[in-house]
Amino acid sequence: MRRLDRREFQRLVLGCGLAALVPGGLPGCGRDDGDPADYTAEDVRLLAEQMQREAEQAGRGRFGPLRFRGYRGLAELPWFELSPEGRLRTVVELPGIIDIHTHFGMSVVLPLDQTRRSERVEHLLDCDATNPGCPLDLDVYVNANFSHEAHQGLSRELLKGAFGRGATRTHTGANLLAEMDDVGVARAAVLPIELGLPLLVSLSERWIRTIQEQDWQDRLLPFASVHPGDADAPARLRALAAAGARGVKLHPEMQRFHPDAPEAMAVYAECERLGLPVVFHTGRSGIEPEGLRHFALPRRYQPAVAAFPGVRFVFGHGGARDLEAAIPIARAHRNVWLGLSSLGVSQIDRALAALGPDRLVFGSDWPFYHLATTLAKILIVTRGDDGARDALLRHNADALLG
Ligand SMILES: [Zn+2]
């Protein structure tokens, strides 16, 4: 294989995959792709309105202001403290939490040493880089906490991370397990994303193997990802399930497919045969390139969940800034759960009121954020309701994972 320099890699190989996470995108990315015809002016308006309303109302809901300094600042809440080494940890008894949404470092070119421990995890949105940390408001969609510069830094980190460099060196299985121990997470689903581009390694295979070799299966549940555009996707899925995959992760924006496309339907059909749940990225986060947003509109997921009532689907990020469009789909389809990663406290409260406690599951999106970020929000919203708390933190995910 010819050596690619970083620039060439960015253009040719990484393409626009990681661009879904990066404001402004990468050079040559963010153009309209697929069939954006039904991305309407009304869609554009709804996103802008959600962002504006959220900014105006943050801290004015029934939970009041929820602003902290860094992830460490969450130690002010009654459920957390800082250890003598400065690590944030849980101080109350919680049911062994199940996290439906984590990733290892997306080192798609060079392998990462998954056993490496670091003094501090440099989360992709690194709110503890300074002390005191960055202002962290739990009452907004999480990415609203990060400045333009921080988002530019994220873009650089993702590129370095493809080569196993930079902050990604700290996004290891060993560091994830240590943070899980700190906050009381018993088990976590680890989600690869298959970019469907040549020359990249399969994270699915590599991560399944690592988890087995390290004997981490009791705590880390490896998921598989396939690219729906790959004609061999159903066969690959069978092989990955045989190797030990516990579910499937699909990201319509990063993988650039519509969730209701025929080739995606073939993937869900295979998931049904294999009994594998699907964790989707769902909805618009508001920081992805505009040209990718049409892939993630909740209405494009409805035909999928309707056609496969036997498949358990998680809408990751609960539909993100499109939560209001995701709620009626979850209400109409019992096989849909909303993942809670990234949502603000008022959004989680709204989802709980609309759907009840049985349809929501804890997800952290580690290593983007500290595991305690979404945990703190759930503890705030479910204060005084242990039944709902246990359902969101553990029992629903238990049922979902089978
Ligand atoms: Zn994620």
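Leaving aside neighbours within four places in sequence, D43 is in contact with D38, R284, L297 and R299, where contact means heavy atoms within 4.5 Å. The residue lies in helix α2 (residues 41-57); helices here are DSSP runs of H or I with at least four residues, strands are DSSP runs of E with at least two, and both are numbered from the N terminus. At 5% relative accessibility, D43 counts as buried, a term used for residues under 20% relative accessible area, with exposed meaning over 50% and partly exposed the range in between (1.4 Å probe, protein chains only).

The model is predicted, so local features need pLDDT of at least 70 and side-chain atom pairs count only at pLDDT 80 or more, while totals for chains, interfaces and linings use all residues. Residues are numbered from 1 along each chain as its sequence is written, and side-chain values use heavy atoms, with hydrogens and water left out.

We can turn next to the sheets. Five strands form an open sheet in the order β8-β9-β10-β11-β12, with parallel pairing; two strands are taken to pair if DSSP finds at least two bridges between them. Because β8 (248-250) and β12 each have a single partner strand, they stand at the edges, and one side of each is left without a neighbour in the sheet. Within this sheet, strand β10 (residues 313-316) runs parallel to β11 and is joined to it by three bridges, with F313 opposite V336 in β11. On its other pairing, β11 meets strand β12 (residues 360-361) in the parallel sense over two bridges, and here L338 stands opposite L360 in β12. The chain passes from β11 to β12 through helix α11 (residues 345-355), and this β-α-β crossover is right-handed. A right-handed β-α-β unit is also made by β10, helix α10 (residues 323-332) and β11. Right-handed here means that, with the strands pointing away from the viewer, the path from the first strand over the helix to the second runs clockwise.

Strand β11 (residues 336-339) is covered on both faces. V336 and L338 are buried on one side, and W337 and G339 are buried on the other.

Another open sheet consists of three strands in the order β4-β6-β7, again with parallel pairing. Its edge strands are β4 (97-102) and β7 (220-222), each of which pairs on one side only. From one strand to the next, the twist averages 20°. Four bridges join β4 to strand β6 (residues 185-190), and the two run parallel; in this pairing I98 stands opposite R187 in β6.

Helix α4 (residues 173-183) lies across β4, β6 and β7, running at about 145° to β6. For such angles, axes are lines fitted to C-alpha atoms, for helices over the stretch in contact, and values run from 0 to 180 degrees between N-to-C directions. The helix is mostly covered, with 10 of its 11 residues buried; among them are G173, L176, L177, M180 and V183. The elements covering these buried residues include β3 (88-90), β4, β6, β7 and α12 (372-381). One acidic residue of α4 deserves a closer look: D182 is buried, with a relative accessible area of 17%. Beyond its neighbours within four places in sequence, D182 is in contact with R87, L88, R89 and T90. Just after α4 comes G184, whose phi is positive, near 95°.

The metal site brings together residues from distant parts of the sequence, as the donor spacing H-x1-H-x261-D shows. The zinc ion is coordinated by H101 (NE2), H103 (NE2) and D365 (OD), at 2.1 to 2.2 Å. Donors are N, O and S atoms within 2.8 Å of the metal (3.2 Å for Na, K and Ca), and since water is not among the atoms, sites may look incomplete. Both histidines, H101 and H103, are buried.

Finally, the cysteines. The structure holds one disulfide, defined as a pair of cysteine sulfur atoms within 2.5 Å. C127 and C134 form this bond, with their sulfur atoms 1.9 Å apart, and both residues are buried. The torsion about their S-S bond is about -95°, so the disulfide is left-handed. C271 likewise counts as buried, at 1% relative accessibility.
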